[in-house]
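Biologist: I have not seen this structure before. Please take me through it step by step.

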Amino acid sequence: MTGFVENIRSALGVSASDPERLEIVRKHLDDHTRNLIPERALRSHQELVDLFIQTLESVEATVAHLPELADVASEVARYQIVNDLAHELKCGSDTLIAEIDWSQQSDLKILSGPAIGKDAVSLTHAFAGASETGTLFVASGPQNPVTLSFLPETNIVLIRAQDIVGSYEDAWLKLPWGVRGPQMPRTVNLISGPSRTADIEQTLITGAHGPRRLHVIVVG
Amino acid sequence: MKSTARSFKENAHEALKNQRLQKSLKVMGRGFVEKRAKARAALPEFDELCKQGQAIKTHTLEHLDLYLEVYEKQLTASGGHLHLAHTAADACEQILQICRDKNARLITKGKSMVAEEIGLNERLEEAGLRVVETDLGEYIIQLRKEPPSHIVAPAVHVGADQVEADFRRVHKDLPASRDLSDPAALVFEARNMLRNEFIDADVGITGANFLIAQTGSSVIVTNEGNGDLTQSLAPVHIVITSIDKLVPTLNDASTLIRVLARSATGQSITTYTTFSTGPRRAQDLDGPQEYHVVLLDNGRTKQLASEFAEALRCIRCGACMNHCPVYQSIGGHAYGWVYPGPIGAVLNPSFLGLAEAADLPNASSLCGRCEQVCPMGIKLPDLMRKWREKHHEAGGPPAMVRGSLSIWAFVAKRPRLYQFLTGMMMPLLGKLAGAKRKFGWLPLASGWTNSRDLPAPSGKTFMSLLKKHQKEGRL
């Protein structure tokens with residue numbers, strides 16, 4: 001950093017040891033100050049869940065809101081039949097997904113691991129959802145290999161209603177925190193709808209390089 | 001990227017005559033403008049969020065040395081490697097070295113304006129590597145061997161029929177009889193062509209929209225998911241970015257994310273916003289084994305000490321060019337370098353030198369739309385004016401222009417002389433114009449009259465009318 005940072009200090013006309021500047025920066029990093037949060041992110045939990053679903057649906061995602069985790073297996077099977085998808089599902093070692101009882105779906109093949117080119121459908125678990133823009137927060141790791149969110153043509157994402165919050169700031173709080181901030185996995189993916197592009201004559205087309213379909217299952 | 005900013009005037013003339021380009025600019029039309037307006041209207045707090053975003057950027061720039069030190073510490077703690085690049089050439093060599101260390105042959109790339117700035121593809125290809133752009137727009141212009149014409153929509157100047165022709169020319173193994181008349185078919189074909197490239201790549205290179213000091217993370221915002229496939233499937237992920245992308249915290253990034261997509265494409269957020277921190281963890285089943293960040297200065301520190309420092313707040317949304325009547329008329333290529341539109345007119349003279357890019361700050365009517373829509377409140381017209389002053393002080397404009405301006409200044413600063421001269425000229429011009437009330441030709445005014453008529457003055461000056469009305473007691 002020497003040289004690089006020294007140049008910046010001389011451009012700013014400041015010294016490295018100015019205690020006042022050090023204190024300003026320390027305070028800004030440690031106080032976790034929030035800037036303005038839009039009103040749409042500050043509603044009651046019920047309203048936030050509704051807004052979350054409605055916003056996702058407005059960007060070509062589909063959403064199923066189920067009362068119990070026990071309903072997930074049949075919803076996945078229904079979705080695959082309706083969309084004429086392979087009766088296969090790739091997922092990681094997520095503990096919530098592990099609780100799903102697939103025994104009633106005897107012809108559904110559950111595979112585990114990262115995505116490879118031929119995987120058609122994946123199931124991941126979002127640790128949080130921000131209603132303000134209908135955004136899923138998915139953390140990478142053995143529980144949710146990151147390729148599951150991008151390589152298969154169809155991505156199904158499970159989220160518990162209790163993990164739906166209003167703002168991005170509230171969503172970050174759902175990660176385990178240290179002193180300075182959340183402990184970041186390799187990637188946190190904020191996902192707001194299926195992949196899309198408007199690079200050809202500004203015509204919006206869903207299904208660019210990422211999933212062509214995004215199905216969100218809200219439980220609870 | 002090689003600059004053609006010096007021949008801006010010729011470029012602009014050609015752009016105006018280019019029927020294909022004019023058609024594409026017409027297609028682009030007011031799309032971005034209307035979508036941004038709608039997004040702004042849908043979020044009552046938008047303007048206030050922009051103000052806070054500006055404050056975040058200003059605060060970061062004022063403490064950039066300290067935040068960079070925190071960023072480096074966090075990045076290193078998460079297992080990433082930081083490479084500092086003073087110049088474009090430094091950055092290219094550092095990236096090439098990482099690729100060579102890995103014996104890389106195939107490089108996939110997400111969209112990055114900094115990569116364009118340093119001419120990365122040319123350098124890597126020169127060294128024998130195969131580089132594949134994976135963003136659809138970038139893929140299209142790579143096939144066409146063209147630079148981007150817009151910082152958000154790089155292929156906005158290309159028509160769907162041209163994309164079809166390019167795909168047929170390059171994707172030779174596909175049946176010639178296939179139907180590509182629908183843009184969706186073109187997107188699907190690009191998707192299929194790039195699938196294996198993602199999987200086979202040795203190194204994936206992306207840019208960064210933000211860097212976060214608090215966590216040592218880099219952030220990309222995309223709609224296609226290509227950036228994520230690029231950085232998740234290759235064993236090595238290199239981020240090429242610049243010092244002005246740094247923000248202190250996740251909360252600060254959250255504020256800026258709220259205004260970025262709304263200003264750019266009118267989306268409330270892009271489909272994917274990805275926070276990457278270090279390489280894959282020990283237990284992870286996928287993700288890159290190495291994570292490198294190449295951090296570029298390339299004159300930005302010098303800019304920080306100059307009167308153009310505020311332009312470092314730019315978050316590259318493209319709103320200024322979307323709303324610029326000059327950009328709308330000539331497109332991005334005429335500007336001759338990486339950054340087109342008003343922000344390019346302000347940045348490019350810094351990067352390229354005033355001798356090369358002096359015409360760009362003049363390519364503006366100073367109408368002020370760019371400043372109005374800039375979420376970072378950059379006073380683009382003021383900054384363009386400052387470049388014009390510098391150019392004038394340095395003796396840049398031709399003697400004819402300088403002489404005319406001196407005469408104008410002499411007269412304009414002397415109200416009596418001014419009124420005397422205009423009092424003579426206006427009635428004369430008014431009479432000369434005749435019944436048409438306009439001129440198709442005037443001596444010394446061909447720059448104007450070659451392409452449009454000059455409306456004739458009414459015959460009376462404002463001051464004479466004012467005096468008359470005062471005398472008659474009408475005021």
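Modeller: Gladly. This is a predicted model. A good place to begin is a loop, the one between β10 (290–296) and α14 (300–304) of chain B, where Asn298(B) has its place.

Biologist: What is the phi of Asn298(B)?

Modeller: Asn298(B) is not a glycine. Its phi is positive all the same, at about 50 degrees.

Biologist: Is Asn298(B) buried or exposed?

Modeller: A residue with 20 or more other C-beta atoms within 10 Å is buried. Asn298(B) has 21 within that distance, so it counts as buried.

Biologist: Arg316(B) has a positive phi too. How does Arg316(B) count by its C-beta neighbours?

Modeller: Arg316(B) sits in the loop between α14 and α15 (319–322) of chain B. Its phi is near 60 degrees, and it is a residue other than glycine. It has 18 C-beta neighbours inside 10 Å, and therefore counts as partly exposed.

Biologist: Now the whole of chain B. How many helices and strands are there in chain B?

Modeller: The C-alpha trace of chain B spans about 90 × 60 × 45 Å along its principal axes. Of its 475 residues, 50% count as buried. As for elements, chain B has 24 helices and 12 strands.

Biologist: How far apart do the C-alpha centres of domain 1 and domain 2 of chain B lie?

Modeller: Domain 1 of chain B covers 43–301, and domain 2 covers 410–471. Their C-alpha centres are separated by 54 Å.

Biologist: On to the sheet. What is the order of the strands in the open sheet of 8 strands?

Modeller: The pairing in this open sheet is mixed. Its strands come from chain A and chain B, in the order β8(A)-β5(A)-β6(A)-β9(A)-β9(B)-β6(B)-β5(B)-β8(B).

Biologist: Which are the edge strands?

Modeller: An edge strand here pairs on one side only. That picks out β8 (164–165) of chain A and β8 (246–247) of chain B.

Biologist: In what sense do β9(A) and β9(B) pair?

Modeller: These two strands share 5 bridges. One of the facing pairs is Asn189(A) with its bridge partner Thr274(B). The sense of the pairing is antiparallel.

Biologist: Which residue in β9(A) stands opposite Ala139(A)?

Modeller: Within chain A, strand β6 (residues 135–139) runs antiparallel to strand β9 (residues 187–191), with 4 bridges. Opposite Ala139(A) in β9(A) stands Val188(A).

Biologist: Why is β6(B) largely enclosed by the rest of the structure?

Modeller: Ser217(B), Val219(B) and Val221(B) point one way from the strand, while Ser218(B), Ile220(B) and Thr222(B) point the other way. Residues on both sides are buried. The strand is largely enclosed because the buried residues of β6(B) number 6 of the 6.

Biologist: Which residue takes a positive phi in the hairpin of β5(B) and β6(B)?

Modeller: β5(B) and β6(B) pair in the antiparallel sense over 3 bridges. In one of the facing pairs, Ser217(B) is the bridge partner of Ile212(B). The hairpin has 4 residues between the strands. A positive phi near 70 degrees belongs to Gly216(B).

Biologist: Which residue in β9(B) stands opposite Thr222(B)?

Modeller: β6(B) also pairs with β9(B), in the antiparallel sense over 5 bridges. Across from Thr222(B) in β9(B) is Tyr272(B).

Biologist: How many residues of chain A are in contact with chain B?

Modeller: Chain B contributes 78 residues to the contact. Its side divides into 34 nonpolar, 27 polar and 17 charged residues. On the chain A side, the number is 61.

Biologist: Last, a helix pair. At what angle do the axes of α10 and α11 of chain B cross, and what is the hand of the crossing?

Modeller: Helix α10 covers residues 160–170 and helix α11 covers residues 183–200 of chain B. Their axes come within 10 Å and cross at roughly 35 degrees. The crossing is left-handed.

Biologist: Which residues of α11(B) make that contact?

Modeller: The contact of the two helices divides into 5 nonpolar, no polar and 2 charged residues. From α10(B) come Ala160(B), Val163(B), Glu164(B) and Phe167(B). From α11(B) come Pro183(B), Leu186(B) and Glu189(B).

Definitions and conventions. Residues numbered from 1 in each chain as written. Chains lettered and ligands numbered in written order. Predicted model: local features only at pLDDT ≥ 70, side-chain atom pairs only at ≥ 80, totals over all residues. Pairing = 2+ DSSP bridges. Domains from an automatic or database assignment. Contact = placed C-beta atoms within 7 Å. Nonpolar A, V, L, I, M, F, W, Y, C, P; charged D, E, K, R; others polar. Buried ≥ 20, exposed ≤ 12 C-beta atoms within 10 Å, placed from the backbone. Axes fitted to C-alpha atoms, helices over the stretch in contact; angles between N-to-C directions. Left-handed = near helix turned anticlockwise from the far one by under 90°.
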